[in-house]
Amino acid sequence: MQQNSIETRQLEALLDFYLEAGVDSFPGDDRVDWFELTRQQAALRQQGQEPRPAAQAPSGPDTGSADARDTRHSQFAPPVKTIPAQPIAPSSGQPAVIPDREIVGAARGLAATAATLDDLRSCLEAFDGCNLKLTAKKLVFADGNPDARLMFVGEAPGRDEDFQGKPFVGRSGQLLDSMLTAIGLDRSSAYIANVVPWRPPGNRTPTPQETEICKPFIQRQIELVNPDVLVFLGAASAKTLLGVQDGIRKMRGRWMQYPGNGKQIAAIATYHPAYLLRSPLEKRLSWRDFLSIREKLTSQ
Ligand code: URA
């Protein structure tokens with residue numbers, strides 16, 4: 001009994017690990033062209049028809065033959081019951097999309113319609129153009145004060161953020177809070193968001209396509225908050241929004257300008273708190289950056 005329950009726990013841990021790592025479908029022996037399947041399913045939906053589950057989808061020329069496989073099995077071993085490839089139904093019930101220029105254009109158009117931050121949040125909730133939404137638990141839109149003069153932008157939410165639906169609430173968020181406290185601020189005097197508002201599975205780096213699709217939304221978010229000082233946490237958000245190519249060591253601590261809504265916003269990049277947790281010696285440089293941020297806020 002005891003042993004059984006340990007095995008069950010171990011199996012659950014293994015499944016959790018797979019999910020964390022972004023595995024979201026059971027691999028069968030049949031090869032499935034998910035892009036083609038998604039296209040076919042979307043076309044059927046458009047015609048008002050309910051697509052067949054993936055297991056019954058027609059085999060394309062590229063699909064392995066189940067018959068041939070069964071024959072192979074019967075030659076060497078008792079027949080094995082194979083589990084057909086089947087996607088775990090995404091919570092939204094939406095098929096995955098193929099990221100392309102059209103989707104980036106749609107994201108841009110949608111973000112531009114948002115007149116307020118609440119509108120923008122609703123736009124993101126309605127937007128199905130980013131596949132990260134299919135695996136994320138929650139939209140991580142923002143935290144802090146939308147009227148603040150200081151805005152932080154990170155890269156993408158992690159596990160804790162995904163659970164709570166708020167940016168920077170895990171260990172790196174706690175460090176960010178301490179750094180804010182050190183310059184006499186807190187979340188009531190700052191607004192915090194990410195370039196990508198859905199957690200990439202297993203905390204992997206967002207792909208360039210995912211980043212490109214989400215970019216119009218964070219750009220609109222910055223326009224609507226209209227801060228006086230913009231802080232990029234880590235190189236990724238600075239590279240995406242400022243188009244700079246330097247690494248964070250070169251870029252951090254240097255004041256730049258971000259083209260805002262009718263004004264140039266003072267912008268600076270600093271080390272990501274997650275990096276500081278791994279490299280605590282670098283905190284001294286971040287401390288300089290935070291002092292410079294405080295100085296900028298008081299002098300403007
Ligand atoms: N890292 C980020 O870039 N953003 C978060 O919200 C949390 C961790």
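**The ligand's pocket and a closed cavity**

Author: In this predicted model, the shell around the ligand is made up, by class, of 4 nonpolar, 4 polar and 2 charged residues.

Reader: Which residues are around the ligand, and what makes a residue count as near a molecule?

Author: The residues around the ligand are Gly 154, Glu 155, Ala 156, Pro 157, Glu 161, Pro 167, Phe 168, Ser 172, Asn 194 and His 272. They count as near because each has a heavy atom within 4 Å of the ligand.

Reader: How do you know that His 272 makes a polar contact with the ligand?

Author: An N or O atom in the side chain of His 272 is 2.9 Å from an oxygen atom of the ligand, and since the cut-off for such a pair is 3.5 Å, this is a polar contact. Phe 168 also qualifies, through a backbone N or O atom that lies 3.0 Å from an oxygen atom of the ligand. With Ala 156 the pair joins a polar backbone atom to a nitrogen atom of the ligand at 3.1 Å, which is again within 3.5 Å and therefore a polar contact. As for cover, the ligand taken alone exposes 240 Å², and the protein buries 92% of that.

Reader: Why is the ligand said to sit in the second largest pocket?

Author: The ligand is placed in the second largest pocket because more than half of its atoms lie within 2 Å of the grid points of that pocket.

Reader: What lines the second largest pocket, and which residues lie nearest its centre?

Author: The second largest pocket, with a volume of about 640 Å³, is lined by 27 residues, of which Glu 155, Ala 156, Ser 172, His 272 and Ala 274 lie nearest its centre. The elements that give two or more residues to this lining are α7 (159-164), α8 (171-182) and α12 (273-278), and the largest share, 4 residues, comes from α12. By class, the lining divides into 11 nonpolar, 9 polar and 7 charged residues.

Reader: Why is another space in the structure called a cavity and not a pocket?

Author: The structure holds 1 cavity of 30 Å³ or more, and the largest cavity has about 50 Å³ of space. This space is called a cavity because a 1.4 Å probe fits there but cannot get out, whereas a pocket is open.

Reader: Which residues line the largest cavity, and what is their make-up by class?

Author: Leu 124, Val 140, Phe 141, Asn 194, Val 195, Pro 197, Cys 214, Phe 217, Ile 218 and Gln 221 line the largest cavity, and helix α9 (residues 208-225) gives the largest share, 4 residues. By class, this lining has 8 nonpolar, 2 polar and no charged residues.

Note on methods: Residues numbered from 1 in each chain as written. Predicted model: local features only at pLDDT ≥ 70, side-chain atom pairs only at ≥ 80, totals over all residues. Heavy atoms only, no water. Polar contact = N/O pair within 3.5 Å; in protein donor to acceptor, adjacent residues only side chain to side chain. Areas by Shrake-Rupley, 256 points an atom, 1.4 Å probe, with all protein chains shown as cover. 1 Å grid on protein atoms, 1.4 Å probe; cavity = no way out; pocket = protein on both sides within 12 Å on 5 of 7 lines; lining within 4 Å. Nonpolar A, V, L, I, M, F, W, Y, C, P; charged D, E, K, R; others polar. Points joined across faces, edges and corners; volume = space filled by probe spheres on them.
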